[in-house]
Protein chains: 4
Amino acid sequence: MCGIFGIYGHDEASNIAYLGLHALQHRGQESAGIVTAEGSKLHRQVAMGLVSEGFGKDNLAALPGRAAIGHVRYSTAGSSELRNAQPFLFEYAHGGLAIAHNGNLVNAAEIRTRLERAGSIFQTSSDTEVIVHLLAQQREPELLDRLAAALRQVTGAYSLLILAEGKLIAVRDPHGFRPLVMGRLRDSYVFASETSCFDLIEAEFIREIEPGEVVVADRVAVRSHRPFAPAPPRFCVFEHVYFARPDSQLNGQSVYRARERMGRQLAIEHPPGPGGADVVVAVPDSGVPAAMGYSKQSGIPLEMGLLRSHYVGRTFIEPQDSIRHFGVRLKLSPVRSVVDGKRLVVIDDSLVRGTT
Amino acid sequence: MCGIFGIYGHDEASNIAYLGLHALQHRGQESAGIVTAEGSKLHRQVAMGLVSEGFGKDNLAALPGRAAIGHVRYSTAGSSELRNAQPFLFEYAHGGLAIAHNGNLVNAAEIRTRLERAGSIFQTSSDTEVIVHLLAQQREPELLDRLAAALRQVTGAYSLLILAEGKLIAVRDPHGFRPLVMGRLRDSYVFASETSCFDLIEAEFIREIEPGEVVVADRVAVRSHRPFAPAPPRFCVFEHVYFARPDSQLNGQSVYRARERMGRQLAIEHPPGPGGADVVVAVPDSGVPAAMGYSKQSGIPLEMGLLRSHYVGRTFIEPQDSIRHFGVRLKLSPVRSVVDGKRLVVIDDSLVRGTT
Amino acid sequence: MCGIFGIYGHDEASNIAYLGLHALQHRGQESAGIVTAEGSKLHRQVAMGLVSEGFGKDNLAALPGRAAIGHVRYSTAGSSELRNAQPFLFEYAHGGLAIAHNGNLVNAAEIRTRLERAGSIFQTSSDTEVIVHLLAQQREPELLDRLAAALRQVTGAYSLLILAEGKLIAVRDPHGFRPLVMGRLRDSYVFASETSCFDLIEAEFIREIEPGEVVVADRVAVRSHRPFAPAPPRFCVFEHVYFARPDSQLNGQSVYRARERMGRQLAIEHPPGPGGADVVVAVPDSGVPAAMGYSKQSGIPLEMGLLRSHYVGRTFIEPQDSIRHFGVRLKLSPVRSVVDGKRLVVIDDSLVRGTT
Amino acid sequence: MCGIFGIYGHDEASNIAYLGLHALQHRGQESAGIVTAEGSKLHRQVAMGLVSEGFGKDNLAALPGRAAIGHVRYSTAGSSELRNAQPFLFEYAHGGLAIAHNGNLVNAAEIRTRLERAGSIFQTSSDTEVIVHLLAQQREPELLDRLAAALRQVTGAYSLLILAEGKLIAVRDPHGFRPLVMGRLRDSYVFASETSCFDLIEAEFIREIEPGEVVVADRVAVRSHRPFAPAPPRFCVFEHVYFARPDSQLNGQSVYRARERMGRQLAIEHPPGPGGADVVVAVPDSGVPAAMGYSKQSGIPLEMGLLRSHYVGRTFIEPQDSIRHFGVRLKLSPVRSVVDGKRLVVIDDSLVRGTT
């Protein structure tokens, strides 16, 4: 999971990218980055941590230009270091090229070995770089043709935003594993992992980029291309369950309503046991929509039995005689007047380690 | 509004104070501080901003001792500077004295002028310092007597925690304007503005400090004193409306239930107009309990129509062609699938500037 | 040893103070501070470490006003903490007062105990604060009279610069232990521990402040006062030996020439032994003037046998299997082509621990 | 100008590299970096600024291994950014390779264009990277053969230190433009731009690496190779004039003595004019050896007429009504008692802009 954002044709491209990434922050908190294009010149700023921590007036001022792409990273492949922070910026025979990638390639290691044997030198441990090296070796005169030829060699999930040769290119892989949507902000075009960021920047949602589609924005127009063979759709179920924000529309559905329906379905498949239940309690904030659905379906009242702290920092000093489940206790507090002596149905969006 | 915390007789006093302040963070985010007592020696660490930002292993390690008091500050009187961060630590004829104060004195300026004319030099612009100067000028041999003599000269709101001469002293003014509660953590005693912090540190709530009560913890015992003339109770209504955390018990009442009842009352006094309403929406998180009360009383379903961002940093770059109500939009996002085309009842805990 | 600087009547008072302190940096590297007066309002900025580290555009911009005093601290009395960084700024019955002090008082502890017993609360562990408390307790209507009454109670070394009530006051104690000089920069007056800083700011040296003299600069004029009984002069010999910069004039003498004469005298009192010597080598930079004097007097040629590194930082990682005399080796390197096989006379300004 | 340092076979390789770089700091202050080899694994730390600023316990602890190479950079080719800080570390088909380079290649741009057209992607704007890409494309099984084949394609100045495949390789170009020396520290071998750093780490100077020589240190032995055709020697004259430290031996000569002889020669070629001169004054510190030579040759006495400040930071606030030659005045102060009214011969190591 990562978040990507792009804008083409706006005087404040880097500022808008910054706001767009802020609204996609839930998709990745490890690093944040923005590349802008000022004519053919590309400018890059990346930082570890949150967008609001890593970006301020100084580095935004170092990002002139009317087109921008940005990335918030959640570590999957590649280690947690600044050099793996995206967007990547490469200089190659055709000038500069910046790329932001959400997804994972399954044949990246194999391609990398082949390229290195032929003399290629890689700069990161990210599978995204494989795409760029493949691109650098194509001979077609047109960027779009070189890109398609390169992408036909990789398999896996990729929603991409690319800045090069004065163009912004948005690509969604043929299976459509990861989301990618398109909107309009006055005269400019915006691209993002989710629609949730459009409200903040006052952009209008146009449509989703379709699986296998390549959209190219340049000075003349925005054009759609379909350079790949069709493939069966494989939209990742975790986007609706967990990754996306409830105020996004994905794959034609409201994430909030999808979660609420899952809560209703849960109430049908798993009603309270024979003794019944007094209260439905959500694990805030992600469990709330499903808890509302469960409550409506079952008729059991919903109460705010758990509080989420707004002040959880990253490094906490834990007492030596360790308090049980300290991390969770710091984040969530029970409201005793709601839960004491009650039979509870507790709803979260998913169950991973079970600590919560 | 500020938050204060104290602990007497614990090997990890500074760590526990740090956790206690974290759970009181909602009462003040401007500065945080802890003073510990190691025998008669007092150690002080203060920082601007949140507890989790200002405190780490290094400054907690610089706070040895088995007694501690702490403070989170919300600026009311005195400007926002590090030198106004509490607890204050003073050296005077009887050695060191640390003090943490929640409340405002109404005759502080008048007393200060009188003291300065006699040669006193103040170190801060805080009204709390007046108490210390008055204390320094008393001649009684016992600290408790000097303190009572000093406090009888001030009028206004004060819940105090004081470390001096190997004692921890908790004071609540005769009117009981501000809360102050007492609990037990194994063999140690804890004092705090709210009960909400007791869950995190696994302390047991004993009782509220009563208006006009002075509790002194030392090596021998914990004793209660009543050096002031009785006064009518004047507990601040904003504690239940706005300041306190919903999981606290204050003045014998659950804050959560109090807010829910206010929501019910609101539904009775202000039902939807003649056209009716489709959905009750809370402004998260503080408006949720009242919205639940309103929904239950009115029968109008509650939905999560507003999302609150977890990633709002303090300094945000605003686009030049200013987006309307930018600050609020950054913090709160509408869930269109809930609110579009609906008649809404929107509930917040209070209405101050009306921006939200 | 500390360095003090003051300027009265200049549009860039804080910038000039910053430069003046830079040129006095050799007198103290522990902390640096500047207070400016903007009408009756005083502004203060202090920082640990060097002037060039602690001061930049931001804190200089926070120092408006046409009068300034500054201080560089070398720890003697009082521990090494930011709260002991001078100039001190106090608010008392007559408004704000800032003070910068070079010297040590011998009866400070005794006075402090007396004052604390009467209810005074001290803010620092510095002996300078005693002067301010004494001042706060005087009843005379004129500041100069209160100051004289206060200073008559202290004994010891004090060169002072004070900003209060729109005046800049320069005081040198009756014995004249520490230096204090006065100059002119266009229409403004400057005061400093040494003349060395006048060249940098293009000020003209007027004269030394005399022992027991109090000079007051205000909007009307610069006036000299003599409120103390005469006392025998006791100028500190270490100023010429070690503290002051060679390009300063102190007590009517060039520091450079004084050191050169000491080198000549050393050659007379301690000529090389019977075997003679081949080369005179100075420990740079402080030993150079005396080495030149020794070389001239003895006829033995001077060579640069030791290099001083310009890059010695404050924290160095020392190898585990400790290199002998590591600290000195880092700072000073022998020039083998000069010293190998030679009989050396090595000259330093003084011999304290003998490590060098 | 840059400085390079390497060590092979020492338990504290990174600490020794740190000290070695410190003693080479005069050769470059823009960035500093160290790469260590722990078996086949390479670790890299780089920082902008001085060695003592950028390196501390934390990043030295992140540099395990018994071999290290380091670099201090003085910007010549390539812009001033962290990504141009050396040593560079690349991953390629044969694993990791680190390289530190002192010198400039004259055909780098031409080779880079050729490589990029064939699909290579460069990571830096440094000419050093060309060497690595050429190396990555060679097919010989032995690293030394691939390296020689790559270096035969470049022309210009290069003293190199390379860590790869468990070996440390030192290379000096066929013309010997830049210095490179070799020493022994107990059982380990050290390599450096200058001998000056050997004193600090207590290493023994063995000999200079000769022009066109490649020295390979591995677990078995240290071996010398000569893979290049002989070329006429072209040692850079500025090493003796300006770059190197006076306590170094370069090209068989003491730098100190070389500068002193230049001063003597200057006195012969440019004696004082008809009016004579009273004093020889050096611009400290670099002008001192030549000034001593001039003084000895001419018989005119040397005096310390200029002081150099030890406290010049990098960012200084300049007064608005600009003081003339402010930068120089901050660094150098005249000693009036030496220079006032005298006819001076002022000696510096070189005359570039003439500001001093």
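Biologist: How many salt bridges does a search of the whole structure find over all chains?

Modeller: Start with the idea: a salt bridge is a side-chain nitrogen of Lys or Arg within 4 Å of a carboxyl oxygen of Asp or Glu. Over all chains, the search comes up with 80 salt bridges. Keep in mind that this is a predicted model, where local features need pLDDT of at least 70, side-chain atom pairs count only at pLDDT 80 or more, and totals for chains, interfaces and linings use all residues; side-chain values use heavy atoms, with hydrogens and water left out. As for names, residues are numbered from 1 along each chain as its sequence is written, while chains are lettered from A and ligands numbered from 1 in the order in which they are written.

Biologist: Let's try one pair. Which parts of the chain does the salt bridge between Asp11(A) and Arg66(A) link?

Modeller: Those two side chains meet with N to O at 2.8 Å. The link runs between distant parts of the chain, 55 residues apart: Asp11(A) is in the loop between β1 (2-8) and α1 (13-23), and Arg66(A) is in the loop between α3 (57-61) and β4 (67-73). The Greek letters follow DSSP runs numbered from the N terminus: helices are H or I with at least four residues, strands are E with at least two.

Biologist: Is Asp11(A) buried or exposed?

Modeller: Here's the scale: buried means under 20% relative accessible area, exposed over 50%, and partly exposed in between (1.4 Å probe, protein chains only). Asp11(A) has a relative accessible area of 64%, so it is exposed. Its partner Arg66(A), at 46%, is partly exposed.

Biologist: How many residues apart in helix α4 of chain C are Arg112(C) and Glu116(C)?

Modeller: An α-helix has 3.6 residues a turn, so residues three or four places apart point the same way. Now the case here: Arg112(C) and Glu116(C) both sit in α4 (residues 108-117) of chain C, 4 residues apart, about one turn of the helix. Their closest N and O atoms are 3.4 Å apart, which makes a salt bridge. Both Arg112(C) and Glu116(C) are buried.

Biologist: And which salt bridge crosses between chains?

Modeller: Take Glu303(D) and Arg257(C), whose side chains meet at 3.5 Å, N to O. The crossing goes from strand β17 (residues 302-303) of chain D to helix α9 (residues 255-269) of chain C. Both Glu303(D) and Arg257(C) are buried. Salt bridges can also share partners: Arg27(A), Arg178(A), Glu194(A) and Glu239(A) are joined into one network that way.

Biologist: On to interfaces. How many residues of chain B are in contact with chain A?

Modeller: Contact means heavy atoms within 4.5 Å. By that rule, 60 residues of chain B are in contact with 60 residues of chain A. The size of an interface is often given as the accessible area lost when the parts come together. Buried area is exactly that loss (1.4 Å probe), summed over both parts. Chain B and chain A bury about 5,300 Å² between them, with 56% of it on carbon and sulfur atoms.

Biologist: How many salt bridges are there between chain B and chain A?

Modeller: The count is 8. One pair is Arg257(A) and Glu303(B), at 3.4 Å from N to O. By class, chain B's side of the interface has 25 nonpolar, 16 polar and 19 charged residues. Nonpolar covers Ala, Val, Leu, Ile, Met, Phe, Trp, Tyr, Cys and Pro; charged covers Asp, Glu, Lys and Arg; the others, Gly among them, are polar.

Biologist: How far apart are the nearest C-alpha atoms of chain A and chain C?

Modeller: They are 15 Å apart, and the two chains do not touch. Chain B and chain D do not touch either, with their nearest C-alpha atoms 15 Å apart.

Biologist: Last topic, the backbone. Where is there a cis peptide bond in chain C?

Modeller: Most residues other than glycine have a negative phi, and most peptide bonds are trans. In chain C, a cis bond joins Gln86(C) and Pro87(C), with omega about 0°. Pro87(C) lies in the loop between β4 (67-73) and β5 (88-92). For phi, look at Arg186(A), which is not a glycine yet has a positive value of about 50°. Arg186(A) is in the loop between β9 (181-185) and β10 (188-192) of chain A, and at 56% relative accessibility it counts as exposed.

Technical notes:
Buried area is the accessible area (1.4 Å probe) that two parts lose on being put together, summed over both.
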